[in-house]
Amino acid sequence: MNTPPTFRLSEDPLQQAKRALIRIRKLARNSAFVPIPVIALAACAFFKYELHWYTNPFLALIFALFTIGQVMAVFQMRKVLAGVRNTGKSIMVLAEAGDEPDLPVLRNKLLENAPPGHMRDLLLRWIELGMRGETTGSESLLNNAWDRRAHADNSSVSLHVSMNRTTLKLGFLGTLYGLILTFPPMQRAVMGLSDSDGELRFIKDISLAIDGDEFAIAVTLGATALSILIELVTIQILERALGGFDMVNSHINDWNLTRLQPWVKKRYGVEGRQRQVVESQALMDAKMSRAQQEMDSNLGRALEAIARTTKQLDQLAMVQTAVGRRIAELVEYEKQYRGFIESKTSAVAPLPPHNLDTGRLETSHIDNGKLEDEL
């Protein structure tokens with residue numbers, strides 16, 4: 001049930017949540033393909049520093065680990081965009097429902113129109129709690145939802161943190177390995193000074209030791225550079241994008257405190273249920289009154305119809321009586337007419353005796369017939 005818009009001192013929390021989602025979407029879209037140029041930049045730096053860096057097993061492993069992390073960051077950004085869309089649809093359903101929604105209807109709309117996600121689950125639990133007329137557990141539901149969200153976000157960020165630590169450890173191992181490579185030539189250089197041709201061997205051994213130092217420095221430099229890229233680009237972008245959902249949750253919690261809970265107390269609380277009973281009783285009384293009025297009206301119309309039918313039956317009885325009298329009169333007229341005919345016939349042409357001939361009798365009959373026709 002929606003109420004007409006009223007003046008509010010503060011901005012609608014749902015609008016603030018939508019703006020927070022817009023900022024997250026912009027950041028995720030702009031950063032979705034950042035790892036690709038970062039990989040290209042790291043590869044160019046490696047080739048510029050050492051043309052055959054891929055022959056160094058530590059550098060090759062560090063770069064492969066860095067590339068895998070950047071590719072996974074692309075998929076994580078796409079997952080962030082999907083979360084923004086799902087959360088936006090849930091907030092859109094809330095905005096369409098208004099400040100005083102019908103909770104069962106709102107629950108069905110969320111199940112039908114909002115995709116599964118963190119925000120929809122939180123809203124459905126709030127609604128189920130509100131349908132029972134309770135509001136005291138909403139904070140616990142919010143904290144639990146934040147914990148689940150934080151666990152999922154930490155899993156995404158911790159992956160890159162682990163890769164960053166692994167990159168640094170591989171660099172440290174490469175550094176140690178490079179230092180180990182310098183020990184034998186340094187030892188030979190020192191021991192070779194006592195020989196006759198020790199000066200030449202010393203130079204060669206020192207050169208080999210410098211190669212080992214170069215190996216260690218290259219591994220350390222590569223690992224540190226890639227670690228800095230991971231820290232400044234990948235981890236920072238993920239933390240900002242995922243942290244934006246905490247701001248969205250904060251605005252939705254404001255909506256719960258300022259819109260949902262007061263409506264739940266008013267509509268589904270103890271006072272609300274009592275008011276519902278009173279309203280239902282008043283509605284039932286009004287329906288019964290309308291039904292009684294309708295029955296009275298129908299009864300009046302039925303009585304009028306019965307009166308009209310009775311009147312018509314009386315008129316029909318009068319008509320039948322009149323028709324009966326008329327028929328009796330007609331029968332009486334017929335009798336009188338027949339008597340008149342018979343008396344007239346007897347007076348004009350009496351019957352001939354039986355000894356008269358047949359031809360004269362027929363003539364008298366014919367004359368009687370003409371006489372009747374004339375009468």
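Here a colleague questions a modeller about a predicted model.

Colleague: How do you know how far to trust the prediction?

Modeller: By its pLDDT: the protein averages 78, and 79% of the residues score at least 70. Helix H1 (residues 13-31) has the highest mean among the elements, 90, while helix H9 (residues 358-374) has the lowest, 43. Over residues 1-9 the pLDDT is below 50, and that stretch makes 12 contacts beyond near neighbours in sequence. Residues 354-375 are also below 50, with 9 such contacts. Where pLDDT is low, the predicted coordinates should not be read in detail.

Colleague: Thanks, I'll bear that in mind. What makes up the fold, in terms of helices and strands?

Modeller: There are 9 helices and 0 strands, so from the N terminus on every element in the run α-α-α-α-α-α-α-α-α is a helix by the DSSP assignment. Of the contacts with a separation of 6 or more, 78% join residues 24 or more positions apart. Buried residues make up 32% of the 375 residues.

Colleague: Why is Arg259 called buried?

Modeller: Buried means under 20% relative accessible area. Arg259 has 11%, so the label applies. Arg259 sits in helix H7. In space, its C-alpha is 9.2 Å from that of Gly98, although the two are 161 residues apart in sequence.

Colleague: What makes H5 largely enclosed by the rest of the structure?

Modeller: The same cut-off, applied along the helix: 10 of the 14 residues of H5 are buried, so the rest of the structure largely encloses H5. Those buried residues are His118, Met119, Arg120, Leu122, Leu123, Leu124, Trp126, Ile127, Leu129 and Gly130.

Colleague: And how do you know that the span of H5 agrees with what it should be?

Modeller: The expected span is 1.5 Å times one less than the number of residues. For the 14 residues of H5 that comes to 20 Å, and the end C-alpha atoms are 20 Å apart, so the two agree. Just after H5, Gly133 takes a positive phi of about 80 degrees.

Colleague: Now the pockets. Which residues lie nearest the centre of the largest pocket, and how many line it?

Modeller: The largest pocket holds about 420 Å³ of space. Its lining has 23 residues, with Lys79, His118, Arg149, Ala152 and Asp153 nearest the centre. To count as lining, a residue needs an atom within 4 Å of a pocket point. Helices H3 (57-97), H5 (118-131), H6 (138-192) and H7 (198-267) each supply at least two residues, and H3 gives the largest share, 7 residues.

Colleague: What is the make-up of that lining by class?

Modeller: It has 8 nonpolar, 8 polar and 7 charged residues. His118, one of the residues nearest the centre, is also among the buried residues of H5.

Colleague: What makes the lining of the second largest pocket mainly nonpolar, by class?

Modeller: The count does: 12 nonpolar residues stand beside 1 polar and 1 charged. The lining has 14 residues, and Ala45, Phe46, Leu221, Gly222 and Ala225 are nearest the centre. Helix H2 (35-49) and H7 are the elements that give two or more residues to this lining, with the largest share, 6 residues, coming from H7. Gly counts as polar in this scheme, whereas Ala, Phe and Leu count as nonpolar. The volume of this second largest pocket is about 180 Å³.

Terms used: Residues numbered from 1 in each chain as written. Predicted model: local features only at pLDDT ≥ 70, side-chain atom pairs only at ≥ 80, totals over all residues. Heavy atoms only, no water. 1 Å grid on protein atoms, 1.4 Å probe; cavity = no way out; pocket = protein on both sides within 12 Å on 5 of 7 lines; lining within 4 Å. Points joined across faces, edges and corners; volume = space filled by probe spheres on them. Helix = DSSP H or I, 4+ residues; strand = E, 2+ residues; numbered from the N terminus. Buried < 20%, exposed > 50% of the residue type's maximum accessible area, 1.4 Å probe, protein only. pLDDT = per-residue confidence, 0-100. Contact = heavy atoms within 4.5 Å.
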